[in-house]
Amino acid sequence: MNVTTEISAGDTAWVMISAALVMLMVPGLAFFYGGLVRRKSSLNTLMMSIAALGVISVQWVVLGYSLAFSPGGAFIGGLHWAGFSVVGANPNITYAPTIPHLAFAAFQMMFAAITIALVSGAVVERMKFSAYLLFALLWSTLIYDPLAHWVWGDGGWLHTLGALDFAGGTVVHISAGISALVAAIMLGKRRDFGRAPLVPHNVPFTVLGAGLLWFGWFGFNAGSALAANGVAANAFVTTHTAAASALVMWMILDLFRNRHCTAVGAATGAVVGLVAITPAAGFVTPSAAIAIGVIAASASFFAMQVRARTQLDDALDVFACHGVAGIIGALLTGVFATKGVNAGGGDGLLAGNAHQLAVQLYAVLATIVLAGAGTFVLLSVVRLLGGLRISLADEIAGIDVAEHGEQAYHGGDLDELAGGLGDSVVMPHEHDEGEGRAA
């Protein structure tokens, strides 16, 4: 129900700027992922993020926002706000009493758009673009929207249970990571997986993308306070601190394992820290954020090494980075949360409330079940409707040309010099796939 209250110009400006910062994360993710793939797949990888911004933004206005946040039951919202009906300039006292309802809806729109784009990193270089777009639409409607209602929606069952998720540890990162794992299994490995080094074609793109993600994440986390206040300031500082500590930890681990601090590893570490602090940003102290960053970086680094020794082709290690770090962050929220930071949150294990950790575990398990089972069903449906993978010939030629009729680079590149097989040519400086390659 819309209730007119006094709108704060400062809060409104902060949330609208934060929405723009989250939107910037989408091209940031596109560059981050696009630099990690081979050159003949870079445009398709970019498009998987950019197209999601368009498709899901429209879906959000038409149906998604209503399913996620309008009054409904414990598991899904109603259709009261479909088409942004009665979502206007007045505040909604349930969610954000000091900003226009439209500002809140727009802010949440950007979360929905980037979440499915995260999943794309597991299926790059082999999934039909049309199949991806259909899956993205179905996934956002039938998995993301209900999960957002569970955790954040008025009356959502995990929200009622007391689960803490400040900015999307369960809703965004665990759901994306688990769905990416299922998608990678169902699509199978790329033709060249295990046969040739699948190394990043443009590391500067990846570092640039990580920087844009880091910058945009301040809106992602601090903006989730929905006001320009002390909780937002705390979330801003914990976000940066966790990213920094995870980056440092990743460089240390990289140095011990590979004898080098790689640029891809440093960029990956920063993103892992940002993922892990997302559910906790507005509930924990900066000191706790350092611990969260270090623990998450260690867990994700280990998960990546394990994955590299299997036949699982999670191409850009989405599960290791978003799934594992998201789970770590959600659980550690139940350890480090304190009402001293946010009176509207809760105390965690270290503040004497072990029950909060149990609730966090319950929320993690519920998210895993919904995302995992839902992704399996939706991909099975998409496979029946038109298939999931491009042909072997198209995969050899390159998905950019096959799916988009474009090439990222022309003239004198390795593809031409090697007769079209340039992505399989091993240069002397290239390292193996398991070292520092991640999403």
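A residue counts as buried when its relative accessible area is under 20%, as exposed when that area is over 50%, and as partly exposed in between. The views below show parts of a predicted model.

**View 1. Arg191 and Asp192 are joined by a salt bridge.** The closest N and O atoms of Arg191 and Asp192 are 2.6 Å apart. Asp192 has a relative accessibility of 5% and therefore counts as buried, whereas Arg191, with a relative accessible area of 29%, is partly exposed. Both residues belong to a network of salt bridges whose other members are Arg38, Glu125, Arg126, Arg190 and Asp313. In the whole structure there are eight salt bridges.

**View 2. Asp313 meets Arg126 in a salt bridge between two loops.** The N to O distance between the side chains of Asp313 and Arg126 is 4.0 Å. Asp313 sits in the loop between helix 10 and helix 11, and Arg126 sits in the loop between helix 3 and helix 4 (129–152), so this pair ties together parts of the chain that are 187 residues apart in sequence. Asp313 and Arg126 are both buried.

**View 3. Asp317 and Arg307 form a salt bridge.** Here the closest N and O atoms are 2.8 Å apart. Asp317 is found in the loop between helix 10 and helix 11, while Arg307 is part of helix 10, and the two are 10 residues apart. Both Asp317 and Arg307 are buried.

**View 4. Helix 10 covers residues 286–308 and packs against other helices.** From the first C-alpha to the last, the 23 residues of helix 10 reach 33 Å, close to the 33 Å expected at 1.5 Å a residue. Among the buried residues of helix 10 are Ala289, Ile292, Gly293, Ala296 and Ala297, together with Phe301 and Arg307. The partners against which the buried residues of helix 10 pack are helix 8, helix 9 (263–277) and helix 11 (318–336).

**View 5. Asp254, in helix 8 (residues 230–258), is a buried residue without a salt bridge.** The nearest side chain of opposite charge belongs to Arg257 and is 6.1 Å away, which is beyond the 4 Å cut-off used for a salt bridge. Leaving aside neighbours within four places in sequence, Asp254 is in contact with Arg259, His260, Cys261, Thr262, Gly265 and Phe301.

**View 6. Cys261 and Cys321 are not joined by a disulfide.** A search of the whole structure finds zero disulfides. For Cys261, the nearest cysteine sulfur is that of Cys321, at 17 Å, and this distance is too far for a bond. The two residues can also be described by their accessibility: Cys261 is partly exposed, with a relative accessible area of 44%, whereas Cys321 is buried, with 0%.

**View 7. Helix 6 (residues 169–187) is mostly covered.** Of its 19 residues, 17 are buried. At 1.5 Å a residue, helix 6 should span 27 Å, and its end C-alpha atoms are 26 Å apart, which agrees with that expectation. Helix 6 is followed by Gly188, whose phi is positive, near 80°.

**View 8. Gly323, in helix 11, is in contact with residues that include His173, Ile174 and Gly177.** Gly323 counts as buried because its relative accessibility is 0%. Val318 is also one of its contacts when neighbours within four places in sequence are left aside. The C-alpha atoms of Gly323 and Thr170 are separated by 9.2 Å, although these residues are 153 residues apart along the chain.

**View 9. Tyr144 belongs to the largest nonpolar core.** This core has 131 residues, and those with the most contacts inside it are Met127 and Tyr144. Helix 3 (residues 101–119) supplies the largest share of the core, 14 residues. Not counting residues up to four places away in sequence, Tyr144 touches Trp60, Gln108, Phe111, Ala112, Thr115, Trp139, Trp152, Val171 and Val172. Apart from this core lies another one, of six residues, including Ile174, Ala330, Val364 and Ala371.

**View 10. Leu24, in helix 1 (residues 9–36), is in contact with Leu212 and Phe215.** These contacts leave aside the neighbours of Leu24 within four places in sequence. Leu24 and Leu212 are 188 residues apart in sequence, yet their C-alpha atoms are 7.1 Å apart in space. Leu24 has a relative accessible area of 27% and is therefore partly exposed.

How values were computed. Residues numbered from 1 in each chain as written. Predicted model: local features only at pLDDT ≥ 70, side-chain atom pairs only at ≥ 80, totals over all residues. Heavy atoms only, no water. Helix = DSSP H or I, 4+ residues; strand = E, 2+ residues; numbered from the N terminus. Expected span 1.5 Å × (residues − 1). Buried < 20%, exposed > 50% of the residue type's maximum accessible area, 1.4 Å probe, protein only. Lys, Arg positive; Asp, Glu negative; His and termini not counted. Contact = heavy atoms within 4.5 Å. Core = buried A, V, L, I, M, F, W, Y, C linked by side-chain atoms within 4.5 Å. Disulfide = S-S within 2.5 Å.
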